[in-house]
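Okay everyone, thanks for coming. Let me put the structure up, and then I'll talk you through it.

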Amino acid sequence: MNNHYLRIAKDGLWDNNIVFAQALALCPLLAVTGTASNGLGMGLASTLVLMLSGGLISLSRTLISPQVRIPIFVLIIAVLVSLVDMFINAWLHDLHKVLGLFIPLIVTNCAILGRAEAFASRNPVLPALFDGLMIGLGFTLALVVLGAAREVLGSGTLFANAALLLGSWATLLEVTLVSDYAGFLLIVLPPGGFLVLGFLLAGKRVLDKRINQFQQRRQVIVTAEEATS
Amino acid sequence: MSIDRQSIAYQALLLGGFATLATVLLVLGNLLTHDTILERHKQDLLDSLNQVIAAELYDNDLLTQSLQIDDKTIYRGTKNGRVTALAWQITAQGYAGEIQALLALNPQGEILGVRVLFHSETPNLGDKVEVAKSDWILAFNGLSLGNPNIDQWKVKKDGGQFDAFTGATITPRAVVKAIKQGLLFFQKYRGQLMHLDKTEAQS
């Protein structure tokens with residue numbers, strides 16, 4: 001059972017990462033990753049919706065018939081996003097001022113519908129919640145990495161305005177790497193998002209290949225040792 | 001009795017049921033949050049008004065003593081029976097839709113402050129009109145229609161005196177234009193804006 005959860009975690013964070021492996025959810029990804037802070041905010045809000053929708057859809061999975069499942073999933077996700085938007089606006093108003101623009105964008109995140117279809121509708125509630133959390137964190141990771149890369153290249157800062165999102169202690173995170181940086185406009189605009197994402201995707205492939213080779217070599221050594229002993 | 005999941009009736013009921021449930025949830029959510037959200041927006045408005053009108057300038061309730069001219073709501077600060085500050089929302093056509101800002105003037109028509117309340121400009125480019133991202137908007141403080149001259153109320157690129165941002169001219173151009181129109185509005189309605197009813201003067 002523990003193995004099962006480990007598998008879900010590894011899938012969500014790395015092997016089956018929504019962005020780096022599946023190249024899904026690119027619309028919100030490219031729209032908000034001008035800075036690392038924006039990426040983090042969007043990632044956390046999406047994670048919340050992913051968990052809630054995973055849990056709810058898993059709960060009602062025996063009721064829902066396959067023919068009408070898609071409209072029902074869409075309905076559940078839309079209702080959740082609207083409710084999250086309202087609640088954050090009412091009770092976490094300062095956070096809403098930062099995230100406000102992005103929350104409705106969560107609906108356009110096809111990853112949520114994708115997880116509902118591929119995982120939540122076929123698994124019990126607990127694994128579905130956990131899968132939502134892991135996929136969400138994987139998405140957050142991708143958003144923050146992409147946001148940080150674009151922010152450093154495009155504006156010469158890192159985690160600018162993090163204090164607006166996380167509270168005043170986060171000013172510690174705000175770094176100006178290159179003062180008096182003229183900015184690299186292309187990277188800040190959406191095409192820059194595609195460019196940086198391309199390099200990141202390629203980077204992940206290279207990394208996976210290296211890991212693979214390393215493991216194969218170790219396998220060879222282990223079998224050789226077994227043969228000699 | 002077993003339920004036939006394939007039947008049209010079941011599918012229809014299922015969809016109808018979920019749609020009803022969704023409606024109920026949204027209505028409940030709205031009921032729960034509606035008043036709080038209104039309250040928060042009012043607080044936001046007051047906070048932004050306080051950013052452009054210093055607290056020592058007025059001793060009345062800014063939100064209740066407002067004035068309606070030309071579909072605009074004018075918030076007025078009064079002290080000792082005189083109008084000491086005026087603020088209203090101005091709208092600029094930015095690069096990506098409307099930019100809403102708050103403009104505050106003193107009775108002489110000098111700018112007390114301008115703050116952008118809402119915009120959809122490009123992050124890291126046009127959003128430098130926000131005071132949180134750049135102090136560009138503070139350069140307007142103390143200026144009025146004669147200072148600089150009306151034909152200088154433009155960005156430098158258009159022959160005026162105001163800086164634009166690297167890579168973004170449309171946003172600052174729109175904001176400068178909106179502020180200029182705000183100043184013209186003050187000039188036009190000055191009498192009405194400065195006039196206090198007796199009851200208002202007493203309060």
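**Chain B and its partner**

So, chain B has a radius of gyration of 24 Å, where a compact globule of 203 residues would have one near 17 Å; that radius is taken over C-alpha atoms, and the globule rule is 2.2 Å times the number of residues to the power 0.38. Before I go on: this is a predicted model, where local features need pLDDT of at least 70, side-chain atom pairs count only at pLDDT 80 or more, and totals for chains, interfaces and linings use all residues. Residues are numbered from 1 along each chain as its sequence is written, chains are lettered from A and ligands numbered from 1 in the order in which they are written, and side-chain values use heavy atoms, with hydrogens and water left out.

Back to chain B: its C-alpha atoms fill a box of roughly 85 × 50 × 25 Å along the principal axes. Along the sequence you get α-β-β-β-β-β-α-α, with helices (H or I, at least four residues) and strands (E, at least two) being DSSP runs, numbered from the N terminus.

Now, how many residues of chain B are in contact with chain A? That's 27, and they meet 28 residues of chain A, contact being heavy atoms within 4.5 Å. Together the two chains bury about 2500 Å², 70% of it on carbon and sulfur atoms; buried area is the accessible area (1.4 Å probe) lost on putting two parts together, summed over both. And salt bridges across that interface? The rule finds zero, looking for a side-chain nitrogen of Lys or Arg within 4 Å of a carboxyl oxygen of Asp or Glu.
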